[in-house]
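Please walk through this structure with an eye on two things: the nonpolar core and the salt bridges.

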Amino acid sequence: MHTVKEAALITGLTEHAVRFYTDKGLVPSVQRNQNNIRMFDEESINWLHGVKCLKQSGMPIEVIKMYVDLCLEGDSTIPQRWALMMEHKKEALVKLEEAKQHVAHLEQKTALYQAILEHRSPDTTNPANWDKIQHMHADVFYSPSVRKA
């Protein structure tokens with residue numbers, strides 16, 4: 001049996017995370033000793049590893065709880081668990097595409113900063129300078145009537 005501190009060391013979680021996950025019902029096999037101290041057996045450690053993996057993948061706590069509950073119901077819930085994972089995978093792929101778009105935008109920004117540093121372009125990144133360079137980016141600025149509002 002392991003204490004919270006030992007469970008944290010074994011799993012790489014913080015003690016706070018171990019307590020939080022047990023309080024949320026994500027470690028169903030956790031036990032308490034006579035002093036009401038949480039005690040973790042190997043099954044509890046396995047649950048913590050699983051929860052950590054799901055959390056790192058971006059799965060919300062509420063969905064992890066649904067997954068844990070389905071696991072506790074047994075093999076009859078494998079189709080529901082598969083569907084849950086497929087939905088999470090779909091959401092993760094959307095986030096991946098968004099991240100790729102963010103990186104592409106940052107590539108453009110860093111290239112612009114490089115041009116500014118090499119004096120090949122005026123500083124168009126600073127809002128304090130936009131009145132001077134508005135003619136260069138008329139498509140991204142609001143019309144004067146909207147800006148005054």
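The text below takes the core, then the charged pairs.

This is a predicted model. Start with the interior. The largest nonpolar core has 21 residues. Those with the most contacts inside this core are V18, Y21, L26, F40, L48 and I64. Four helices each give two or more residues to it: α1 (4-11), α2 (15-23), α3 (42-56) and α4 (61-73). Of these, α3 gives the most, with five residues. The grouping follows a known tendency. In soluble globular proteins, nonpolar side chains tend to be buried together.

Now pick out F40, one of the core residues with the most contacts. Which residues does F40 touch, leaving aside those up to four places away in sequence? The list begins at the start of the chain, with M1, H2, T3, V4 and A7. It continues with V18 and T22, then V27 and V30. I45 and L48 complete the set. Two of these partners, V18 and L48, are themselves among the core residues with the most contacts.

Next, the charged pairs. The structure holds six salt bridges. Three of them are followed here, including one in α4.

In that pair, the side chains of D69 and K65 meet with 2.9 Å from N to O. Why can these two residues pair up along one helix? D69 and K65 are four residues apart in α4, so about one helical turn separates them. How accessible are the two partners? D69 has 30% relative accessibility, so this residue counts as partly exposed. K65 is partly exposed too, because its relative accessible area is 28%. Both values lie between the 20% and 50% cut-offs. Helix α4 thus appears twice in this account: it gives residues to the core, and it holds this salt bridge.

The second pair sits in α5, which spans residues 78-117. Here E97 forms a salt bridge with K100, and the closest N and O atoms are 3.4 Å apart. The spacing is three residues, so E97 and K100 are again separated by about one helical turn. E97 is partly exposed at 42% relative accessible area. K100 is partly exposed as well, at 46%.

The third pair joins R120 and E118, whose side chains meet at 2.8 Å, N to O. Are these partners buried or exposed? R120 is exposed, with a relative accessible area of 57%. E118 is partly exposed, at 41%. The cut-off for exposed is over 50%, so R120 passes it while E118 does not.

Conventions
Residues are numbered from 1 along each chain as its sequence is written. This is a predicted model: local features need pLDDT of at least 70, side-chain atom pairs count only at pLDDT 80 or more; totals for chains, interfaces and linings use all residues. Side-chain values use heavy atoms; hydrogens and water are left out. A nonpolar core is a set of buried Ala, Val, Leu, Ile, Met, Phe, Trp, Tyr and Cys residues joined through side-chain atoms within 4.5 Å. Buried means under 20% relative accessible area, exposed over 50%, partly exposed in between (1.4 Å probe, protein chains only). Contact means heavy atoms within 4.5 Å. A salt bridge is a side-chain nitrogen of Lys or Arg within 4 Å of a carboxyl oxygen of Asp or Glu.
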